[in-house]
Amino acid sequence: MDRAEYERKISRRFATFDQDGNGFISREDFHAAAAALLKEFDKPARSIQGQALHEGAEAFWQGMAGIADRDGDQRITRDEFVNGAVKRLRDNPGRFAEIARPFFHAAIAVAHSDAGSELTPEEAARVARILGVPEDISGKVAAVLDADGDGRITEDQVVSAFAAYYTTDEPDV
Ligand code: CA
Ligand code: CA
């Protein structure tokens with residue numbers, strides 16, 4: 001991957017987190033993502049599922065801030081994101097799963113239509129789209145996630161796919 005492609009990928013990942021597009025990642029972005037998911041799947045914020053999703057969003061934010069908000073101003077700038085979050089999460093993918101799992105666990109509970117705890121490919125694609133994953137990628141998400149083709153997507157598959165998406169490779173230099 002060349003430097004320009006890397007910059008494009010990083011910009012898209014930053015934008016995925018920066019839900020309100022104000023140029024930095026903050027707590028509000030994570031709660032905005034939770035609210036958008038609840039709206040998409042027609043679940044009230046005050047439901048048990050809604051509260052769990054907002055708690056997961058808060059934990060996700062706290063985890064990301066702990067990794068990347070070096071100056072402690074409660075904002076993750078693009079520079080903090082690139083030089084903190086991306087590098088540290090890539091070096092330790094298990095850490096990403098740890099901080100993101102409560103959010104995705106709750107998101108799956110909000111998004112899945114039946115009594116199970118897995119998503120259909122269509123539900124997974126809707127989650128990805130609402131979280132700001134670009135359309136050209138989210139359209140492929142279902143196929144990528146459901147690699148074994150059984151039509152069911154587990155929590156582990158969701159978490160590891162997002163971890164891979166957020167922790168892209170560095171350019172070959
Ligand atoms: Ca923001
Ligand atoms: Ca900061």
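This passage describes the calcium site and the nonpolar core of a predicted model. Residues are numbered from 1 along each chain as its sequence is written, and chains are lettered from A and ligands numbered from 1 in the order in which they are written. Local features need pLDDT of at least 70 and side-chain atom pairs count only at pLDDT 80 or more, while totals for chains, interfaces and linings use all residues; side-chain values use heavy atoms, with hydrogens and water left out.

The calcium ion (ligand 1) has as protein donors Asp18 (OD), Asp20 (OD), Asn22 (OD1), Phe24 (O), Asp29 (OD) and Asp29 (OD), at 2.2 to 2.5 Å. Donors are N, O and S atoms within 2.8 Å of the metal, or 3.2 Å for Na, K and Ca. Their spacing along the chain is D-x1-D-x1-N-x1-F-x4-D. The site is irregular, with angles of 53 to 155° among the 6 donor atoms; six donors count as octahedral if opposite donors are over 155 degrees apart and all others between 65 and 115.

Aspartate 29 is found in helix α2 (helices are DSSP runs of H or I, at least four residues). Aspartate 29 is buried (under 20% relative accessible area, 1.4 Å probe, protein chains only), at 1%, and phenylalanine 24 is also buried, at 16%. Beyond neighbours within four places in sequence, aspartate 29 is in contact (heavy atoms within 4.5 Å) with Phe17, Asp18, Gln19, Asp20 and Phe24.

The largest nonpolar core (buried Ala, Val, Leu, Ile, Met, Phe, Trp, Tyr and Cys residues joined through side-chain atoms within 4.5 Å) holds 51 residues, of which Phe60, Met64 and Phe81 touch the most other members. Helix α5 gives the most, 11 residues.

Terms used. Buried means under 20% relative accessible area, exposed over 50%, partly exposed in between (1.4 Å probe, protein chains only). Helices (H or I, at least four residues) and strands (E, at least two) are DSSP runs, numbered from the N terminus. Four donors count as tetrahedral if all angles lie between 85 and 135 degrees; four count as square planar and six as octahedral if opposite donors are over 155 degrees apart and all others between 65 and 115; anything else is irregular.
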